[in-house]
Amino acid sequence: GITTPESAAPSTTTRSPIASTSAPPPPDVPRFEESPCDFGYLLGFRPRGRYELRCGHLVVLENRADPGGPLVRLPVAIAKTLVPDAEPDPVVYLAGGGGNAHLNYAKFYLEIVGEAVLERRDFIQYNQRGAPDTDPALDCPGATALAFDLAAEPALDSIWSESHVAFYNDCRAELEARGIDLAQYNSAVNAADAADLIAALGYDQANFYGTSYGTRLGLDLIRDHPELVRSVILDSVYPPEAGYYSEFARSAYRALGALFEGCAADPDCDDRFPALETTFLETVDALNAAPVTLDSPFGPVSVDGGVFADAVLLYLYSAGSVTLAPMIIDRASRGEFGRIEDAIVGAVTIPDLSWAMFYSMQCREELPFESKARFDEMSQGVPDQIVEHYRAFVDFHFSLCESWSSGEADVVENRRVVSDVPALVFAGGYDPATPPEWGLGAAEGLVNGYTFLFPAEGHGIMRANECGLAIGLAFLDDPTRPPDGSCLAAEPPTDFVIPR
């Protein structure tokens with residue numbers, strides 16, 4: 001069952017791995033307050049006997065420059081290994097998304113990565129500030145319903161409308177009326193929270209493992225708090241110097257290009273789905289001319305070429321679903337959309353994301369360093385129908401950020417991080433969200449970094465690939481030595497599904 005708190009409070013000379021609740025919490029912050037494990041899918045979860053699961057809240061200042069100001073509470077789940085002679089430095093998972101309800105997926109991460117980590121050290125997960133189940137949560141009630149209301153309209157890219165901008169501006173105003181300082185919800189502050197988590201739990205150092213947006217936090221940590229970082233694993237890298245919006249259309253088309261090339265290189269795939277790129281673009285054009293309405297759990301969705309492209313890109317996130325993508329495109333070209341329905345929700349929105357947290361970060365640390373002209377420049381060579389779809393997406397964010405009040409990041413937060421902290425970089429060849437080039441570029445600033453590219457993988461290597469997990473565990477054992485990556489040479493190419 002769920003274990004009880006430690007019985008003894010930490011002494012003044014000995015640091016405890018987890019703060020005790022046998023005495024009232026100290027008035028100072030940061031502090032850790034233990035509580036039941038009732039977050040999301042952890043409710044009722046039973047460990048398998050090799051570790052204890054303990055939960056609580058990290059309590060920190062909203063604004064570290066205002067000691068008398070409001071507090072922020074972040075839910076934390078600590079899987080504490082029971083193996084003898086465990087290593088003193090835990091692995092802390094840094095979630096992707098930015099505002100994501102990560103603890104809803106904590107059980108999944110425990111099973112696919114955490115249990116292997118727990119053979120030697122503790123494994124810690126938490127929700128970043130502003131995310132669901134934090135206090136305060138920067139959610140915008142009604143966001144999912146609005147997104148699907150707009151997605152039901154047949155107009156091209158109707159979801160990125162002025163009514164959507166107005167909705168989020170109303171949400172922002174409501175949060176500000178509650179006294180929430182949106183300038184304190186960003187990546188640099190998130191990294192400071194992660195550093196405070198380590199201090200509050202009594203560890204001297206930690207290993208940080210981030211995926212996607214979590215790699216941004218990992219890079220911020222080794223820039224701002226290197227003394228607390230024994231090592232960092234950067235899996236599918238989103239570095240500060242990347243032009244997220246400027247490169248959006250280019251990144252999407254690069255991932256699609258990897259799919260088209262992968263199919264063309266496979267004789268069976270090429271024979272069954274010849275000229276896959278042409279088929280894809282013709283399907284986009286046909287759907288733009290005559291959208292098809294499909295059902296989703298949240299209501300009907302008008303699938304135009306842009307929604308179709310987004311749905312196909314979702315299949316490139318994992319090696320398993322990549323294998324289906326050529327068949328999905330082929331069937332859609334013939335008016336068969338059964339499989340696409342599986343990806344419709346993700347093509348429209350992310351239901352469990354705190355959008356005001358996401359926009360507070362993006363409007364502070366991305367949009368001020370980008371421009372629509374740069375988007376046009378970076379989109380050269382991308383088919384027009386792809387560019388126009390993502391131009392609507394980019395325009396929406398520029399419009400929204402005109403009135404968002406989360407400040408502007410220091411220019412250092414938009415520069416490549418240079419560090420000698422041991423780092424492991426993973427990249428996937430099909431990744432539609434964080435191109436391999438971003439990881440390779442970030443690695444140039446990591447003096448003690450090791451980089452591994454998995455051509456047949458998508459987004460998130462260590463959680464999805466046995467070879468990637470083995471490399472990651474070897475790195476954690478000794479971050480000062482290059483991990484054995486010989487298993488990568490035995491990775492098979494993509495085995496596309498070919499219907500008979």
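Start by selecting helix α8, residues 276–289, in this predicted model. The helix has 14 residues. From its first C-alpha to its last it reaches 20 Å, close to the 20 Å expected at 1.5 Å a residue. Now colour its buried residues: Leu276, Thr279, Phe280, Leu281, Thr283, Val284 and Leu287. Show what lies over them, which includes the helices α6, α9 (305–314), α11 (325–333) and α15 (384–401). The strands β8 (292–294) and β9 (301–303) are also part of that cover.

Stay on α8 and pick Phe280, one of its buried residues. Leaving aside neighbours within four places in sequence, Phe280 is in contact with Leu256, Phe260, Phe308, Ala309, Val312, Ile329 and Ile386.

Next, widen the selection to the nonpolar core. The largest core has 126 residues, and Phe280 is among the members that touch the most others. The others in that group are Val92, Tyr168, Phe208, Leu259, Phe308 and Leu316. Helix α6, residues 248–265, supplies the largest share of this core, 10 residues. A second core, separate from it, has 34 residues and includes Cys37, Ala95, Phe426 and Phe454. In soluble globular proteins, nonpolar side chains tend to be buried together.

Go back to α11, one of the helices over α8. Of the 9 residues of α11, 7 are buried, so the helix is largely enclosed by the rest of the structure. Select Ala325, Pro326, Met327, Ile328, Ile329, Asp330 and Ala332 to see the buried ones. They pack against α6, α7 (267–272), α8, α9 and α10 (319–322). Just after α11, stop at Gly335, which takes a positive phi of about 85°.

Move to helices α4 (residues 187–201) and α5 (residues 213–224). How do they pack? Their axes are 9 Å apart, at an angle of about 70°. That angle makes α4 roughly perpendicular to α5. On the α4 side, select Ser187, Ala188, Asn190, Ala191, Ala194 and Ala195. On the α5 side, the contact is made by Tyr213, Arg216, Leu217, Asp220, Leu221 and Arg223. Coloured by type, the residues of this contact divide into 7 nonpolar, 2 polar and 3 charged.

While in α5, pick Thr215. Is Thr215 buried or exposed? Thr215 counts as buried because its relative accessibility is 0%, under the 20% cut-off. Not counting residues up to four places away in sequence, Thr215 touches Gly210, Leu234, Asp235, Ser236, Val237 and Tyr238.

For the last stop, select Ile159, in the loop between α2 (143–151) and α3 (162–177). Ile159 is buried, with a relative accessible area of 11%. Beyond neighbours within four places in sequence, Ile159 is in contact with Ala147, Leu150, His164 and Val348. To set a distance on screen, join its C-alpha to that of Tyr317: the two residues are 158 apart in sequence and 23 Å apart in space.

From Ile159, step to its contact His164, which is found in helix α3. At 4% relative accessibility, His164 counts as buried. Again leaving aside neighbours within four places in sequence, His164 is in contact with Leu146, Ala147, Leu150, Ile159 and Phe396. Keep Ala147 and Leu150 selected, as both appear among the contacts of Ile159 and among those of His164.

How values were computed
Residues are numbered from 1 along each chain as its sequence is written. This is a predicted model: local features need pLDDT of at least 70, side-chain atom pairs count only at pLDDT 80 or more; totals for chains, interfaces and linings use all residues. Side-chain values use heavy atoms; hydrogens and water are left out. A nonpolar core is a set of buried Ala, Val, Leu, Ile, Met, Phe, Trp, Tyr and Cys residues joined through side-chain atoms within 4.5 Å. Buried means under 20% relative accessible area, exposed over 50%, partly exposed in between (1.4 Å probe, protein chains only). Helices (H or I, at least four residues) and strands (E, at least two) are DSSP runs, numbered from the N terminus. Contact means heavy atoms within 4.5 Å. The expected span of a helix is 1.5 Å times one less than its number of residues. Axes are lines fitted to C-alpha atoms, for helices over the stretch in contact, and angles run from 0 to 180 degrees between N-to-C directions. Angles under 35 degrees count as roughly parallel, over 145 as roughly antiparallel, 65 to 115 as roughly perpendicular and the rest as oblique. Ala, Val, Leu, Ile, Met, Phe, Trp, Tyr, Cys and Pro count as nonpolar, Asp, Glu, Lys and Arg as charged, and the others, Gly among them, as polar.
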